[in-house]
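Open the model in your viewer and keep the selection panel at hand. The stops below go from a loop to a sheet and then to a pocket.

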Amino acid sequence: MKNTYDFGLIGLGVMGRNFILNVADNNFSAMGYDLNEEQVKALIAEGEDPQKVNATSDIQTFVSSLSQPRKIMLLVPAGKIVDSVIESLLPHLDKNDLIIDGGNSFFTDTDRREAYLKEKGIHFFGSGVSGGAKGARRGPSIMPGGNKEAYKEVQPIFEAVAAKFKGEPCVAYLGPKSAGNYVKMVHNGIEYGLMQLTSEIYDILKKAGNYSYDELHTLFDSWNKGRLQSFLVEISAEIFNRDDDKGPGKLVEKILDKAKQKGTGKWTSQNAMDLGIPIPSIDIAVSMREISALKEERVQADKLYNRPEPAVMDKEELAKWAEEALYFAFITTYAQGLHQLSDASTEYGYELDLAVIIKIWRAGCIIRAGLLEDISKAYTEDKALSNLLLSPNFVPKVQSTVTSARNLVAYAAKNGIPLPGLSNSLTYFDTYTSGRLPLNLIQAQRDHFGSHTYERTDMEGIFHTEWE
C-alpha cells in the first residue's frame with residue numbers, strides 16, 4: 001500500500017466519503033479509515049484509483065500510510081467518540097502531526113483537546129465544515145482555528161477543496177484555540193434563525209394569501225433572483241415544486257411539522273446568554289423546534305381554543321410585505337450572530353476578523369446569501385463595527401423594509417398566525433434602536449425588594465433608597 005498519502009480522513013459516512021473524494025479530485029492523495037468494512041469498500045469502489053484514494057479498517061495501516069507531518073481529519077459525531085478516536089490514534093502518531101476535528105464539537109471541548117494534545121507535541125484543530133453532503137463533495141465553506149503555523153500544513157488542501165466565490169476559496173485561518181468551532185457554532189445559530197424566518201413567511205403566504213405551492217415556487221424563485229438571493233430561499237423554491245412520489249399533491253405538505261436539532265443552535269443561545277449578548281431571533285428559532293416536538297399537545301390545544309379566521313389579503317400586497325419583511329429579518333438575524341462573534345472574539349482571545357468570516361460564508365455554506373457581499377463591505381470599511389445596524393450602509397436598507405415587518409406582525413397578531421421569528425426580529429430592532437427603555441422601573445423594583453442599588457441619569461454615583 002502506498003505510504004505517502006497526503007491526507008487522512010476518519011469517518012466514512014456520507015459526509016466523510018464525499019469530502020475525501022473531493023480531496024482526491026483536487027490532486028491530493030487521500031486515505032480513509034472506518035471500522036465499518038462496508039464503508040471502506042464503498043469508498044474504494046467509488047474512488048476507483050487506489051493510488052489517489054484508498055481506505056482501511058486497520059488504524060495502524062491507516063496512520064503509517066500517511067506522509068509526515070500527518071494531516072488527519074475526523075468527520076465523526078461530536079462528543080465522546082471524538083475523544084475515543086483521538087486515543088486510538090495517539091500510539092501511532094509522531095510529534096507535529098495534525099488532527100483536525102471537522103465535526104460540530106462544542107468549543108470548550110476543542111480547547112480541552114488542544115491543550116491535552118499540545119502536551120504530547122500533537123497539533124489539534126477545530127474546523128467547522130458547512131454545506132452538507134453536497135457541499136463536502138463539490139466545495140464546502142471551511143472554518144479552521146488552532147495553531148497558525150500548523151494550519152499552513154493543511155492550507156493548500158483546504159483551499160483546493162473549499163467552495164469558490166469569484167475565484168476566492170471559502171476557507172481562511174480564523175484564529176487560535178477553538179475559534180473555528182466557535183464560528184461554525186454561531187454560523188449554525190444564524191442558520192436556525194434564517195430557516196425559522198423562511199418557514200414563517202411560507203406559512204403566512206399560505207394562510208393570508210391562499211398561495212398554491214406552484215405560486216410559492218414561482219415567488220421564491222423570483223426572490224432568489226433579487227436581493228433575497230440565498231441558498232435557503234433557493235432550496236425552498238425547489239421544495240415547493242416537488243411532487244409527492246407516494247400520492248397526490250406536493251411532498252412538503254405531507255412532511256410532519258416536527259423539526260429536529262443537533263444542538264448547535266442551543267449552544268449558540270446558551271453561550272450568548274453567558275456573554276450577555278441578545279440574539280432573540282436565534283433563541284426563538286431554537287424554542288420553536290422544541291415547541292414543534294410537542295405535536296400531540298399542540299393538536300390537543302388546537303381543539304380547545306378558538307382563533308380568528310385569517311382575513312385574506314391581496315396577493316401582490318402580501319408578497320411585497322413578505323419580501324421586505326424577510327429581507328429586514330435576515331439583516332437583523334445576521335446582525336445578532338455577528339454581534340455575538342464580535343464579543344466572543346474579545347472574551348476568548350480569538351482575534352476574529354468578521355469581514356474574513358463573512359467572505360468565507362459567501363459560497364459553500366448553508367447561510368450563503370447575496371446579502372453577505374454588503375455585510376462584508378460594512379465590516380471591511382469599519383473593523384470596529386460592533387453591530388451591523390450601526391453601519392450607515394444598512395440604515396436605508398432597514399428603514400425601507402421595517403414598515404412591512406410591522407405590517408405583517410400586526411396582521412399575524414390580529415389573525416392568530418404565529419410569527420415568532422419575525423416578531424422577535426422586530427422587537428430586537430425596536431429595542432436596540434431605543435435610546436430610552438422602561439428598565440429604570442426594573443432597577444427601582446430590584447432596589448425596593450433587594451437593595452440592589454441603581455444609577456441616576458442626572459448625576460454620577462451608585463444610589464439606594466428606603467422605599468417603604
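## A loop before a central strand

Begin by selecting P69, which lies in the loop between α3 (59-64) and β4; helices here are DSSP runs of H or I with at least four residues, strands are runs of E with at least two, and both are numbered from the N terminus. The model is predicted, so that local features need pLDDT of at least 70 and side-chain atom pairs count only at pLDDT 80 or more, while totals for chains, interfaces and linings use all residues. Residues are numbered from 1 along each chain as its sequence is written, and side-chain values use heavy atoms, with hydrogens and water left out. Show the backbone on either side of the peptide that joins Q68 and P69: this bond is cis, with omega about -5°.

## Strand β4 and its neighbours

Move on to β4 itself, residues 71-74, where K71 and M73 point one way while I72 and L74 point the other way, and all of them are buried (buried means under 20% relative accessible area, exposed over 50% and partly exposed in between, with a 1.4 Å probe and protein chains only). In a regular strand, side chains alternate between the two faces of the sheet.

Next, add β1 (residues 7-10), which runs parallel to β4 and is joined to it by 3 bridges; two strands count as paired if DSSP finds at least two bridges between them. Here I10 stands opposite L74. Then add β5 (residues 98-101), which pairs with β4 in the parallel sense over 4 bridges, with D101 standing opposite L74. Including helix α4 (residues 80-89) in the selection completes a right-handed β-α-β unit made of β4, α4 and β5; right-handed means that, with the strands pointing away from the viewer, the path from the first strand over the helix to the second runs clockwise.

## The whole sheet

Now widen the selection to the open sheet, in which 7 strands follow the order β3-β2-β1-β4-β5-β6-β7 with mixed pairing. At its edges stand β3 (53-56) and β7 (141-145), each with a single partner strand, so one side of each is left without a neighbour in the sheet. From one strand to the next the twist averages 25°, an angle taken from 0 to 180 degrees between the N-to-C directions of axes fitted to C-alpha atoms. For the antiparallel part, select β6 (residues 123-130) together with β7, which pair over 5 bridges, and look for G126, whose bridge partner in β7 is G145.

## Two positive phi values

Most residues other than glycine have a negative phi. Select N27, in the loop between α1 (14-25) and β2 (30-33), where phi is positive at about 70°; at 68% relative accessibility, N27 counts as exposed. Then go to K177, in the loop between β9 (168-169) and α8 (179-209), whose phi is near 55° and which is partly exposed, with a relative accessible area of 34%.

## The second largest pocket

Which residues lie nearest the centre of the second largest pocket? Select G131, K134, R138, F231 and R368, which are those among the 15 lining residues. A pocket is an open set of points on a 1 Å grid over the protein atoms alone, where a 1.4 Å probe fits and protein lies on both sides within 12 Å along at least five of seven lines; lining residues have an atom within 4 Å of a point. Colour α6 (132-138) and α10 (231-240), each of which supplies at least two residues of the lining, the largest share, 5 residues, coming from α6.
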